[in-house]
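Please work through the following exercises with the sequence and the coordinates at hand. Each task is followed by a solution in steps.

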Amino acid sequence: MEDFTTTTPLWRWQSATAPAAWFFLTIAGEAADGIRFAAMSGQWLDKRGGFGSARVAATIGDTRWNTSVFPHRESGGWLLPVKAAVRKAEGLAEGDEVTVTVSL
């Protein structure tokens, strides 16, 4: 298992037509490059999903969960969705700087 750690702000995306909002961390730079390389290497090819996503385990504070990261065209990195249960458990709000470890 390979781990990639970064600190980045939590941001919110909301559709103009739907009431629900989604919260994300953008993983860019060296961590994004490491995830991309690991996800494309032979041993991790089975972790690839739809839309170019990669299955990962994510850890913020004491909370660890299984999820996927998705390619982010604007940053050249990855988007990590952060579900409500994680935000609540870790006391996170929009704009907070969050340290996350992504494991493949």
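The exercises go from the overall fold to individual side chains.

This is a predicted model, in which local features need pLDDT of at least 70, side-chain atom pairs count only at pLDDT 80 or more, and totals for chains, interfaces and linings use all residues. Residues are numbered from 1 along each chain as its sequence is written, and side-chain values use heavy atoms, with hydrogens and water left out.

**Exercise 1. State the secondary-structure content of the protein and its overall dimensions.**

Step 1. Assign the elements as DSSP runs, numbered from the N terminus: helices are H or I runs of at least four residues, and strands are E runs of at least two. The assignment yields two helices and six strands. Along the sequence, their pattern reads β-β-α-β-β-β-α-β.

Step 2. Compute the radius of gyration over C-alpha atoms and compare it with the globule rule, 2.2 Å times the number of residues to the power 0.38. The radius is 13 Å, close to the 13 Å given by the rule for 104 residues, so the protein is as compact as a globular protein of that length.

Step 3. Along the principal axes, the C-alpha atoms fill a box of roughly 40 × 30 × 20 Å.

Step 4. Classify the residues by relative accessible area with a 1.4 Å probe and protein chains only: buried is under 20%, exposed is over 50%, and partly exposed is in between. Of the 104 residues, 43% count as buried.

Step 5. Take a contact to be heavy atoms within 4.5 Å. Among contacts with a separation of 6 or more, 58% come from residues 24 or more positions apart.

**Exercise 2. Determine the order in which the strands close into a barrel, and place helix H1 relative to the sheet.**

Step 1. Two strands pair if DSSP finds at least two bridges between them. Six strands close into a barrel with antiparallel pairing, in the order E1-E2-E5-E4-E3-E6.

Step 2. Fit axes as lines to C-alpha atoms, for helices over the stretch in contact, with angles from 0 to 180 degrees between N-to-C directions. With direction ignored, neighbouring strands of this sheet are turned by 45 degrees against each other on average.

Step 3. H1 packs on the sheet and touches E1, E2 (21–27), E3 (54–60), E4, E5 and E6 (97–103). The direction of H1 makes about 105 degrees with that of E1.

Step 4. As one example of pairing, three bridges join the antiparallel strands E4 (residues 63–72) and E5 (residues 77–81). Phe70 has Leu79 in E5 as its bridge partner.

**Exercise 3. Find the salt bridge and describe the setting of Asp33 and Arg36.**

Step 1. Search for a side-chain nitrogen of Lys or Arg within 4 Å of a carboxyl oxygen of Asp or Glu. The count comes to one salt bridge. It joins the side chains of Asp33 and Arg36, at 3.3 Å from N to O.

Step 2. Asp33 and Arg36 are three residues apart in helix H1 (residues 29–40), and therefore separated by about one helical turn.

Step 3. Asp33 is partly exposed at 46% relative accessibility, and Arg36 is partly exposed at 24%.

**Exercise 4. Characterise the surroundings of Thr5, Thr8 and His72.**

Step 1. A polar contact is a pair of N or O atoms within 3.5 Å; within protein, one must be able to donate a hydrogen and the other to accept it, and residues adjacent in sequence count only if both atoms are side-chain atoms.

Step 2. Thr5 belongs to strand E1 (residues 3–14) and is partly exposed at 49% relative accessibility. Beyond residues up to four places away in sequence, Thr5 touches Ala31, Thr99, Val100 and Thr101. The side chains of Thr5 and Thr101 form a polar contact of 2.8 Å.

Step 3. Thr8 is also found in E1, but is buried, with a relative accessible area of 9%. Neighbours within four places aside, Thr8 contacts Leu25, Thr26, Asp96, Glu97 and Val98. A polar atom of the Thr8 side chain lies 3.1 Å from the backbone oxygen of Thr26.

Step 4. His72 lies in strand E4 and is buried at 15% relative accessibility. The side chain of His72 makes polar contacts with those of Glu74, at 3.1 Å, and Ser75, at 2.8 Å. With neighbours within four places left aside, His72 is in contact with Thr26, Gly77, Trp78 and Leu79.
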